[in-house]
Amino acid sequence: MPIEVALPGQTHADALAVPVARPLGGEGARIVDEKLGGRLAKLIESGEFRGDRGEALVLHVDGALDAPRVIAVGLGKREDVDLDALRTAGGAAAHELRRVGGTLCWLLDESLDVPVDRQAAALVEGTIIGGYSPGGWKTQEPEKRPKPVERIVLGHFESPELRTAAERASLLAERTNRARDLANMPPNELNPHTLGERAKELAREHEHLTCDVLATKELDELEMGALSAVGRGSRNEPRLIVLRYDPPDARDDVVLGLVGKSITFDTGGISLKSAPGMESMKGDMAGGAGTLHGIGAVAALGLPVRAIAVLAAAENMPGGDAFRPGDILRAANGKTIEIINTDAEGRLVLADALWYARREGATHILELSTLTGAMELALGDLYAGYFTNDDAWSDRIFHAGERSGDLAWRFPLHERYRRYIDSAFADMKNGSTLRQGSPALAAKFLEEFAGDGPWAHVDMAGPGFLERSRGDYLRVPGGTGYGVRLIAELAREL
Ligand code: BES
Ligand code: ZN
Ligand code: ZN
């Protein structure tokens, strides 16, 4: 998205967005209010506009300002204004402008505790992510389609920090929306093969990014018995999609390993899921989508760190050739797995992908997956829960989450959870018959394949794919692009 910085009064926008914190105080809001003859203050006084987080009000202002309309956007209480309030404000303004589109100017507010460059980044991010529409398959006439914001102007004096922060935010928000596009694709269009084609296209966009797609024959040669078994029930054969980012200026002691669950549709397989809500299981590749566009964002930003992304792609279907409960599989690292439930397929495809990422030199692994329904029950649509074997890696992930907006909260990876997956027949089983601790035992399962070195499993079943608006800047059902911003922030701080 084109970003410009211009002094207020010279912005020539279709709408001027004024962030309003309670009590009213920012200079921008005061000047606009003055030019409007005190209308803003009156609206606040009468209680028609309260300045609540995410509240927005459009005023037509013919001639008084350098835009035909003003959008007053609430930030909530002044002392509580944070990046999330600003992102939410961004989303609210984009929503109000959806019938008009065009150029949106944000008046930045020096009186807030958030520095203006971070303000700008959050507003830009919120505007782009909040303006996203998932209805790409609707055949409505062009004039009925929502009109996106096409250009953002920041009403402030120019500074290199401001411009850099805003441009980075714009890039990340757009990559986030591309990840959402992938997660929203229906499973009759997105399958392991077409996902691989998308990954190759992405690699062609960037000089130092390459892509290899491993198909059935190569998976057999690598003896990836777990990924292969999950993919066997479908005519759409599984793939291991590998992207490598190798910039010339990279430090040589770190390779960031990104691993993504990419089940393009999860029926549960022979342990078939029930029908209600099954359509949402097209989003069971949201971890892979975040991983793919996460490494894309790292490449687009030109960050000086080597990275590898491994997407374990399969369609989990029942069928005459499908794997079954009772089967014993051998994963690429040689360990054997008794299948208890074919719906616990994510951990199986990830087992082989984790092994592969380590074999290819990953030093620090971040794995993203929509792994357990119980994690969504626990944390809802806001936080992902993560498990890790390394405290320093944990701190980095937690802080990258808080800064980026892709929130993540640590869960315990205690040794005593291992007993839940002890099998009488094989090295482990893929699930437990007890209705207990399913996110934790899934993490213990994955640990068996994560090799040596820092590793984290991020269970994003809640925030990865929404059933409804979250009430902030993620305003629509479907993919959220979770992981793109987290990965970019982690890679920047590494
Ligand atoms: N993809 C699902 C998990 C999921 C559920 C993600 C709801 C997002 C929303 C996963 O493959 C699954 O089916 N997990 C089972 C595991 C169980 C069979 C051990 C679950 O969590 O119920
Ligand atoms: Zn499943
Ligand atoms: Zn699944």
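These are my notebook entries on a predicted model, covering its zinc ions, one ligand and a few single residues.

**Entry: the zinc ion (ligand 3)**

I began with the donors. Which residues coordinate the zinc ion (ligand 3)? I found Lys261 through NZ, Asp266 and Asp284 through OD, and Glu345 through OE. Their distances run from 2.0 to 2.4 Å. I then read the spacing of these donor residues along the sequence, which is K-x4-D-x17-D-x60-E.

Next I checked the geometry. The six donor atoms around the zinc ion (ligand 3) subtend angles of 77 to 171 degrees, so the arrangement is octahedral. For reference, I noted that six ideal octahedral donors give angles of 90 or 180 degrees.

I also asked where Asp284 and Glu345 sit. Asp284 is in the loop between strand E9 (255-266) and helix H9 (286-301). Glu345 is in the loop between strand E12 (336-338) and helix H10 (346-359). The pair therefore ties together parts that are 61 residues apart in sequence.

Are these two residues buried or exposed? Asp284 has 2% relative accessibility, so I put it down as buried. Glu345 is buried too, with a relative accessible area of 0%.

**Entry: the zinc ion (ligand 2)**

I moved on to the zinc ion (ligand 2). Its protein donors are Asp266 (OD), Asp343 (O), Asp343 (OD) and Glu345 (OE). They lie 2.0 to 2.2 Å from the ion. Asp343 is written twice because I copied donor atoms here, and it supplies both O and OD. In sequence the donor residues follow the spacing D-x76-D-x1-E.

What is the arrangement around the zinc ion (ligand 2)? The six donor atoms subtend angles of 69 to 167 degrees, which makes it irregular.

I then looked for a link between the zinc ions. Asp266 bridges the zinc ion (ligand 2) and the zinc ion (ligand 3), and the two ions lie 3.2 Å apart. The pair of Asp266 and Glu345 links distant parts of the chain. Asp266 is in strand E9, Glu345 is in the loop between E12 and H10, and 79 residues separate them. Asp266 counts as buried, because its relative accessibility is 2%.

**Entry: ligand 1**

How many residues surround ligand 1? I noted 16, and the closest are Lys273, Asp284, Asp343, Glu345 and Gly373. Asp284 is also a donor to the zinc ion (ligand 3).

I listed some polar distances. An oxygen atom of ligand 1 is 3.2 Å from an N or O atom in the side chain of Lys261. A nitrogen atom of ligand 1 lies 2.9 Å from a polar side-chain atom of Asp284. A nitrogen atom of ligand 1 is also 3.4 Å from a polar backbone atom of Thr370. I then checked the cover. Ligand 1 exposes 520 Å² when taken alone, and the protein buries 78% of that.

**Entry: Val32**

I looked up Val32 in helix H1 (residues 27-35). Its relative accessible area is 2%, so Val32 is buried. What does Val32 contact beyond its neighbours within four places in sequence? I wrote down Leu16, Val18, Leu65, Val70 and Leu107. I also took one C-alpha separation: Val32 and Leu7 are 14 Å apart, with their positions 25 residues apart along the chain.

**Entry: backbone oddities**

I noted the background before this search: most residues other than glycine have a negative phi, and most peptide bonds are trans.

The peptide bond from Arg22 to Pro23 is cis, with omega near -10 degrees. Pro23 is in the loop between strand E2 (15-22) and H1.

His12 is not a glycine, yet its phi is positive, at about 45 degrees. I placed His12 in the loop between strand E1 (3-6) and E2. At 62% relative accessibility, His12 counts as exposed.

Glu223 has a positive phi as well, of about 55 degrees. It lies in the loop between helix H7 (216-221) and helix H8 (225-231). Glu223 counts as exposed, at 56% relative accessibility.

**Entry: Arg470**

I ended at Arg470, in the loop between strand E18 (465-466) and strand E19 (478-479). Is Arg470 buried or exposed? Its relative accessibility is 16%, so it counts as buried.

The side chain of Arg470 reaches the backbone oxygen of Asp381 at 3.1 Å. It also makes a polar contact with the side chain of Asp472, at 3.0 Å. Leaving out residues up to four places away in sequence, I found Arg470 touching Asp381, Leu382 and Pro463.

Notes
Residues are numbered from 1 along each chain as its sequence is written. Chains are lettered from A and ligands numbered from 1 in the order in which they are written. This is a predicted model: local features need pLDDT of at least 70, side-chain atom pairs count only at pLDDT 80 or more; totals for chains, interfaces and linings use all residues. Side-chain values use heavy atoms; hydrogens and water are left out. Donors are N, O and S atoms within 2.8 Å of the metal (3.2 Å for Na, K and Ca); water is not among the atoms, so sites may look incomplete. Four donors count as tetrahedral if all angles lie between 85 and 135 degrees; four count as square planar and six as octahedral if opposite donors are over 155 degrees apart and all others between 65 and 115; anything else is irregular. Helices (H or I, at least four residues) and strands (E, at least two) are DSSP runs, numbered from the N terminus. Buried means under 20% relative accessible area, exposed over 50%, partly exposed in between (1.4 Å probe, protein chains only). A residue is near a molecule or strand if one of its heavy atoms lies within 4 Å of it. A polar contact is a pair of N or O atoms within 3.5 Å; within protein, one must be able to donate a hydrogen and the other to accept it, and residues adjacent in sequence count only if both atoms are side-chain atoms. Accessible areas come from the Shrake-Rupley method with a 1.4 Å probe; for residues, only the protein chains shown count as cover. Contact means heavy atoms within 4.5 Å.
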